[in-house]
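Student: I have a structure in front of me and do not know where to begin. Can you walk me through it?

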Amino acid sequence: LKLCSVMCVPLLDRGSLLGVLYVGNDNIVDMFAGADLEVLTIFASQASLILRNALLVNELKLEAERLQGELDDTRFGEIIGACDSIKGVFKRVEKVASTDIGVLITGETGTGKELIAGEIHRRSPRSKGPFVTINCGAIPENLLESELFGHVRGAFTGATQNKQGKFHAAHLGTLFLDEIGEMPLNLQVKILRAIEDRTVTRVGDTKPEAVDIRIVAATNRELLAEIKAGRFREDLYYR
């Protein structure tokens, strides 16, 4: 470089060399003194911190991009899974989602049955319609019929106005019956009729109303065993 005066200090990070910082002049000889070198050394120590932080941020961005890529490869809507068994579930969801048949999802509590039901809805022709959920095991038996089918004013004590049920709310969409294995037998009969006739009758009313819905149900019970025990209707199971 044909320099007449030059100072050069290392850029160090915990003993590792990140690079060097030099100041040069090509006209004046002996331009720099020891004090100048001290100032440059202090500046270099600060520059090393800034440079190292910049490198760390860049590394974190690259790692985040890599992890996001891996995540995208294992994401199925809102569900994340990479093992062969969950991939098999994803394929089944894709297969049944495009149809309009009823679907039963089985699995232990906490295994994500509602997430699967949501993906079936989002990937179906009804995706623009509502996705309505009701937990059949969380509502008292005397209120469950009203929650499902609605009621008219005066149908029972406290029924001060007409109310639509979950079947009405899910019109043109999907109704998710969570924990259907908990449903009482007398309501199972009415659910079966609603599925077959595509009509529901509000509690306290005599006029059936047409509904266009898809039923997706879930349970953590072994329904075949429940059928043998007389606690679940076989005809509803096959619907």
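**Reading the model step by step**

Tutor: Start with burial. This is a predicted model. Take Cys136: its relative accessibility is 3%, so this residue counts as buried, the cut-off being under 20%.

Student: What is the relative accessible area of Cys83?

Tutor: For Cys83 the value is 44%, so this residue is partly exposed, between the 20% and 50% limits.

Student: How many disulfides are there?

Tutor: The general idea is a distance test: two cysteine sulfur atoms must lie within 2.5 Å. Here the count is zero.

Student: Now a whole helix. Is H3 largely enclosed or open?

Tutor: For a helix, count its buried residues. H3 has 10 residues and seven of them are buried, so H3 is largely enclosed by the rest of the structure. The buried ones are Lys113, Ile116, Ala117, Gly118, Glu119, Ile120 and His121.

Student: How do I read a pocket? Which residues lie nearest the centre of the largest pocket?

Tutor: Look at volume, then lining, then residue class. The largest pocket holds about 390 Å³ of space. Its lining has 16 residues, and Val89, Arg92, Val93, Ile105 and Ile116 lie nearest the centre. Helix H2 (84–97), strand S5 (103–106) and helix H3 (113–122) each give two or more residues to this lining. H2 supplies the largest share, six residues. By class, the lining of the largest pocket has 11 nonpolar residues, four polar and one charged.

Student: And which elements give two or more residues to the lining of the second largest pocket?

Tutor: Use the same steps. The second largest pocket has about 260 Å³ of space. Thirteen residues line this pocket, with Val103, Leu104, Leu236, Tyr237 and Arg239 nearest its centre. The elements you asked for are S5, strand S10 (214–219) and helix H8 (234–237). The lining of this second pocket has 11 nonpolar residues, one polar and one charged.

Student: Let me try a single residue. Where is Arg126?

Tutor: First place the residue, then check burial, then list its partners. Arg126 sits in the loop between H3 and strand S6 (131–135). Its relative accessibility is 10%, so Arg126 counts as buried.

Student: Which side chain joins that of Arg126 in a polar contact?

Tutor: Asp212, at 2.6 Å. Contacts with residues beyond four places in sequence tell you more about the surroundings of Arg126; among them are Asp100, His121, Leu172, Gly173 and Thr174. Ile213 and Arg214 are also in contact with Arg126.

Student: How far apart in space are Leu49 and Asp13?

Tutor: Compare two separations, one along the chain and one through space. Leu49 and Asp13 are 36 residues apart in sequence, and 7.2 Å apart in space, C-alpha to C-alpha. Leu49 belongs to helix H1 (residues 34–74). At 47% relative accessibility, Leu49 is partly exposed.

Student: Last topic: backbone angles. What is phi of Asp30?

Tutor: Look at the sign of phi, and at whether the residue is glycine. Phi of Asp30 is near 55 degrees, a positive value in a residue other than glycine. Asp30 lies in the loop between strand S2 (16–25) and H1. Its relative accessible area is 69%, so Asp30 is exposed.

Student: And where does Arg198 lie?

Tutor: In the loop between helix H6 (185–197) and strand S8 (199–200). Phi of Arg198 is near 60 degrees, again a positive value in a non-glycine residue. Arg198 is partly exposed, with a relative accessible area of 33%.

Notes
Residues are numbered from 1 along each chain as its sequence is written. This is a predicted model: local features need pLDDT of at least 70, side-chain atom pairs count only at pLDDT 80 or more; totals for chains, interfaces and linings use all residues. Side-chain values use heavy atoms; hydrogens and water are left out. Buried means under 20% relative accessible area, exposed over 50%, partly exposed in between (1.4 Å probe, protein chains only). On a 1 Å grid over the protein atoms alone, a cavity is a set of points where a 1.4 Å probe fits but cannot get out, and a pocket is an open set with protein on both sides within 12 Å along at least five of seven lines; lining residues have an atom within 4 Å of a point. Grid points are joined across faces, edges and corners, and a volume is the space filled by probe spheres set on the points. Helices (H or I, at least four residues) and strands (E, at least two) are DSSP runs, numbered from the N terminus. Ala, Val, Leu, Ile, Met, Phe, Trp, Tyr, Cys and Pro count as nonpolar, Asp, Glu, Lys and Arg as charged, and the others, Gly among them, as polar. A polar contact is a pair of N or O atoms within 3.5 Å; within protein, one must be able to donate a hydrogen and the other to accept it, and residues adjacent in sequence count only if both atoms are side-chain atoms. Contact means heavy atoms within 4.5 Å.
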